[in-house]
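Let's take a walk through this structure together, one stop at a time. Keep the viewer open as you read, and turn the view whenever a new element comes up.

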Amino acid sequence: MQCEPGPYDRQVAWLSIGDCAGAGRCIPSLRMITLEGLTKRFGAVAAVDGLDLRVEPGRVTGFLGPNGAGKSTTMRMVLGLDRPTAGSALVNGRSYRSFRRPLREVGALLDAKAAHPGRTGRNHLLAMARSNGIPAARVDEVLGMVGLGGAGGKRVGTYSLGMGQRLGIAGALLGDPAVLLFDEPVNGLDPDGVRWVRQLMRGLAAEGRTVLVSSHLMSEMQLTADQVVVIGRGRLILDAPVASVVDRGSVTVRCPDPGGLDALRAALAARAVRVEAVGDDGLAVAGLSVEEVGDVAHRLGVRLHELSRQRGSLEDAYLSLTADSVEFGA
Amino acid sequence: MRGAVAAEWTKLWTTRTVWWALAAAVVLMVAGAGQYALYAANDDLAPELLRADGRVAAGTVAVLATALAQFAVIALAMLVMTSEYSAGTIRATLAWVPSRGRLLLAKSLVVAVVALAVGVVLGVVGAVVAAPLLGDRGVVSGGAVVGDALAIGGYLALISVFATGLGAALRGPVATLVTIFLLVVVIPPILELPDVAALNRVAGALPGPAGTDFMRGDGSAGLVVAAWAVAALVAGWRVLRRRDA
């Protein structure tokens, strides 16, 4: 992939350009999250099981999986909070624990409870800034960016869930980092807030940053993410562009003659990935285009009442991918 | 390291806990010093607490009252570490300062400086409260009061670092406070009850009695308290490094 240096990244921009121009892709360590054989066992249970993954800059990577799939554990290992049982999780080619001023490299929103309820939002960010030598002026800047400009002087315990999320996002942005992790960032946000988060993520990726976002909301991820990573039971199930996942839609045909329907079904089954009956007179065809299905029907001389394309959704793709790995199914 | 210390300093002074703890320390010191001064005025103090001339130094009363007042300072120091777990902020804190050793040292430094300053103030407050109540039986000399106040500050700094390290090792405020209470207050008199020399020596090496000896002028007892503080820091550092946050 091509790597455009973001405007924020003055120190390493020259290095990225050089490497991108030569090899057609960035050297793997820069502005990237790299997981290699990442494994975390709690007793006999593997929460994360040999995960290999590269989260690349310049795009939003959606991190999906059922409850208990290992998303949060993976993010905690990236931040050096949990020790991997095996394998490694590196940011910019280094382990998180080796950073002296990590907030300038990696911003993270893990949970809304990250601030002491008795401290004001502003003082929380001020302590955070001081820990990494970030100027105090940046605190008011990020408070304004997340829409908490007026609430910075209030104690965190009085914040709504949505305000807590905004404070967490402000913390993630504080060090102007090139790599950002957000665990369920839209939890508790109203529709305006959800749209704001979406635009923020898109904007951060457009600036060349690496953005990893976990979420349960498939429709939201379909709008936000460029790349989607799905894990189940701690293992990688899918790592693909959202567009390619969503485009695995199907073609619906309806045919009023039972004989014609059977003939069409037999002919399509030989060529399509999957053909399923829909009602009494219809078929759902996966893996062929509308044109191809129409041509087959024409050759057979079968009468059609409908020939249409159904766009797939990320949700459908996700549900079929994770059907086997739902830990807490109903 | 400078950033970690600045962050911990900011965190300490931006919740109400610190003000409650400091107010409690002063109240306990005033009450304790008043009571011990009255004992002294009634000639009820143990003979080894008296000066050669049979009178009582005002600073000695402050040292005695520290046995009670120290718990407000210990609670504050312990909360600097354990509130990270009870309030759920430890993950954020470790994300800011990923080096466990640096974090623990920063917290210890902040706690030690505050405890030292508070201890000096408490020592002076105790002596000021004691002086008028002691009357003729008391001796107030500026130099001696400052010496006693510095000793109280030094002890509180060491025991606070001990509380911080223990808090990191045990994680919970209840377990930490109970352990400190046992080591400082409960176990020593139980060990001393049979009056066996070996048991008395063990009791004297526990942080509470060693601290008392230190405040009464035994410098080597200060090293014993310091050893407890270092041991707690090492234990806390190992837990922070090894266990998942």
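A residue is called buried if 20 or more other C-beta atoms lie within 10 Å of its own, exposed if 12 or fewer, and partly exposed in between. Keep in mind too that this is a predicted model.

With those cut-offs in hand, try Leu223(A), which lies in helix α7 (residues 218–224) of chain A. Is Leu223(A) buried or exposed, or does it fall in between? Leu223(A) has 16 other C-beta atoms within 10 Å, so it is partly exposed. While you are there, look across to Val242(A): the two residues are 19 apart along the chain, and their C-alpha atoms are separated by 9.2 Å.

Now zoom out to the whole of chain A. It contains 11 helices and 13 strands. Of its 330 residues, 45% are buried. How do its contacts spread along the sequence? Taking the contacts in chain A between residues at least 6 apart in sequence, 69% of them join residues at least 24 apart.

One backbone detail in chain A deserves a stop. Asn92(A) sits in the loop between β4 (86–91) and β5 (106–109) of chain A. Its phi is near 50°, a positive value in a residue other than glycine. Because 19 other C-beta atoms lie within 10 Å of Asn92(A), this residue is partly exposed.

Next, turn to chain B, starting with the predictor's confidence. Where pLDDT is low, the predicted coordinates should not be read in detail. For chain B the mean pLDDT is 94, and 100% of its residues reach 70 or more. Which parts of chain B have the lowest and the highest confidence? The lowest is found in strand β2 (residues 138–139) of chain B, with a mean of 88, and the highest in helix α5 (residues 100–134) of chain B, at 97.

Inside chain B, find a pair of packed helices. Two packed helices are described by the angle between their axes and the distance between the axes. Helix α6 (residues 142–170) of chain B packs against helix α10 (residues 219–242) of chain B at an angle of about 25°, and their axes are 7 Å apart. Angles under 35 degrees count as roughly parallel, and α6(B) and α10(B) are therefore roughly parallel to each other. The crossing of α6(B) past α10(B) is left-handed.

Which residues meet there? On the α6(B) side they include Gly154(B), Tyr155(B), Leu158(B) and Phe162(B), and on the α10(B) side they include Gly222(B), Val225(B), Trp228(B) and Leu233(B). The residues of this contact between α6(B) and α10(B) divide into 17 nonpolar, four polar and no charged.

Just past α6, in the loop between α6 and α7 (173–192) of chain B, you will find Arg171(B). Arg171(B) has a positive phi of about 75° although it is not a glycine. It counts as partly exposed because it has 19 C-beta neighbours inside 10 Å.

For contrast, visit another loop of chain B, the one between α2 (17–41) and β1 (56–57), where Gly54(B) lies. Gly54(B) has 9 other C-beta atoms within 10 Å, so it is exposed. Gly54(B) and Gly138(B) are 84 residues apart in sequence, with their C-alpha atoms 9.4 Å apart in space.

The last stop is where the two chains come together. For the complex, the predictor gives an ipTM of 0.90 and a pTM of 0.84. The contact takes 27 residues from chain A and 22 residues from chain B. On the chain B side, α1 (2–13) and α4 (90–96) each supply at least two residues. The most come from α1(B), with six residues. By type, the residues on the side of chain B that touches chain A divide into 11 nonpolar, seven polar and four charged.

Follow α1(B) to its partner across the interface, helix α3 (residues 121–131) of chain A. The axes of α3(A) and α1(B) come within 7 Å and cross at roughly 165°. The two helices are therefore roughly antiparallel to each other, and their crossing is right-handed. Among the residues that meet are Asn123(A), Leu126(A) and Arg130(A) from α3(A), and Ala4(B), Ala7(B) and Lys11(B) from α1(B). The residues of the contact of α3(A) with α1(B) divide into six nonpolar, four polar and two charged.

Technical notes:
Residues numbered from 1 in each chain as written. Chains lettered and ligands numbered in written order. Predicted model: local features only at pLDDT ≥ 70, side-chain atom pairs only at ≥ 80, totals over all residues. Axes fitted to C-alpha atoms, helices over the stretch in contact; angles between N-to-C directions. Helix = DSSP H or I, 4+ residues; strand = E, 2+ residues; numbered from the N terminus. Parallel < 35°, antiparallel > 145°, perpendicular 65-115°, else oblique. Left-handed = near helix turned anticlockwise from the far one by under 90°. Contact = placed C-beta atoms within 7 Å. Nonpolar A, V, L, I, M, F, W, Y, C, P; charged D, E, K, R; others polar. pLDDT = per-residue confidence, 0-100.
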